[in-house]
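Me: I'm new to this and would like a close look at a single part of this protein: the way its aromatic rings pair up. Could you walk me through that slowly?

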Amino acid sequence: MSFQDFGFIDAVARGVQSMGYVDPTPIQLRAIPAILAGKDVMGSAQTGTGKTAAFALPILTLLKEHGACRCLILEPTRELAAQVETAFRDYARYMDIKITLIQGGVGFGQQRGDLQSGVDIIVATPGRLLDLMEQGDVSLSEIQFLVLDEVDRMLDMGFLPQVRRIVEKCPKKRQTMFFSATLPPEIATMTKWVLTEPEVIEIGGQRMPAETITHALYPVAKDQKFDLLIALLERTKFESCIIFTSTKVYADKIAHQLRDLKHAVVAIHSNRTQRERVEALEGFKSGKYEVLVATDIAARGLDIAGVSHVINYDVPSHPEDYVHRIGRTGRAQQVGDAFTLFTAEELDDVRSIERFIGASIPRLKLENFEYTYTAVFNEDKVAPGGVGKGVRTLRGYSFGSARRKR
Ligand code: AMP
């Protein structure tokens, strides 16, 4: 699914394009269709997951053009309010839509002026908005879209009574989007009166891989991927290892080749019969097989104790799958290593994962492995757009062995 498939109006599609976004993030994939379909949304994603665009893009599409004040977004802090307002302006740059930021700590003049001249969207912190409401400067009677963002932080800051008063002034018939990373009892109660049959979207419940997992990326040229995999396996003292591949064909091929190299290996994917899958899993659990080669579909929900290593033969294209895959190791406070092989073509996926987990993953080079082609080590050259935010370049590489002293 790409941004073109959501059915945004043209101006919004161009706005997204000009931001340079290529693939929607997980929350965008889930929230955008729901909001466009008119549903309430209750999301547990945090800032950094692409949450703002997840609500802004469908809202802008539904607003279409300048009209009455139809959208209100409440944020706990001025910084967040300002950030969200800027994002809205960016996404709406090709639209005739008026957006205003209502926040404390600055004079009333400009905010009153904006409100009087007619705005479509208000991004506000609760205190100042209530002041303006009480002074008759703002009416919420035509609000169609209400976004309550970072509600748990609003609770921490003691804003819930104010939020409640604001929500009570909005029409009952409206679409509400509610985001909170946690759901303490006060907030759980609030969701009941504020939302109507919401679509519940939980993203990033487990964004960060467990701390007991050491993970690393191994850049490699495409035609050396398999050799690097073998070299890694040979040099790693593993008890049990799962190798993930994105296709069934590769899963079979790798299993076959490892078998030729005398590894006790079995493959698991959706083309195998249920009986074969059960046999594979049980054999892996009992130690009959030391390597399990698996595709994501077959691996979902596997809970196998004591997997010492996970190797991603391909970079998963959905960042959650990365966390999910490497979470097969390091379970229950045990240590585990997770290696991901990646080629130049997979650099964008690597970056999405790093954005998703909010950290960069160390790049390693396997010592004494004869790398034939090293362009992939220089990410500045590989990516046309240059190195993305927060991603380490070649200069940040550590050229040590991946082996960890235990
Ligand atoms: P947010 O979680 O809304 O604060 O967004 C975090 C960052 O991700 C912001 O810098 C956004 O511009 C950026 N972002 C949002 N969606 C995407 C996407 N689909 N692709 C790339 N970057 C994105």
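Reply: Here is a walk through the aromatic pairs, followed by a short stop at the nonpolar core.

First, some ground rules: this is a predicted model, where local features need pLDDT of at least 70 and side-chain atom pairs count only at pLDDT 80 or more, while totals for chains, interfaces and linings use all residues. Residues are numbered from 1 along each chain as its sequence is written, and side-chain values use heavy atoms, with hydrogens and water left out.

The structure holds 9 aromatic pairs. Rings of Phe, Tyr and Trp (its six-membered ring) pair if their centres lie within 6.5 Å; planes under 30 degrees apart count as stacked, over 60 as edge-to-face and the rest as tilted.

Take Phe3 and Tyr21: their ring centres are 6.2 Å apart and their planes sit at 35 degrees, so this pair is tilted. The two partners are 18 residues apart and link distant parts of the chain, with Phe3 in the segment before helix H1 (10-19) and Tyr21 in the loop between H1 and helix H2 (26-36). (Helices, H or I with at least four residues, and strands, E with at least two, are DSSP runs numbered from the N terminus.) Phe3 is buried, at 7% relative accessible area, whereas Tyr21 is partly exposed, at 31%. Here buried means under 20% relative accessible area, exposed over 50%, and partly exposed in between, using a 1.4 Å probe and protein chains only. Phe3 and Tyr21 also belong to one aromatic cluster with Phe6, Phe8 and Tyr91.

Now hop over to Tyr250 and Tyr313, an aromatic pair that is tilted, with 5.8 Å from centre to centre and 45 degrees between the planes. Tyr250 belongs to helix H11 (residues 248-260), and Tyr313 to the loop between strand S12 (309-312) and helix H14 (319-326); they are 63 residues apart, so this pair links distant parts of the chain too. Tyr250 is partly exposed, at 36% relative accessibility, while Tyr313 is buried, at 6%.

Last stop, the core. In the largest nonpolar core, which has 67 residues, Phe55 is one of those that touch the most other members. A nonpolar core is a set of buried Ala, Val, Leu, Ile, Met, Phe, Trp, Tyr and Cys residues joined through side-chain atoms within 4.5 Å. Helix H3 (residues 51-63) gives the largest share of this core, 8 residues.
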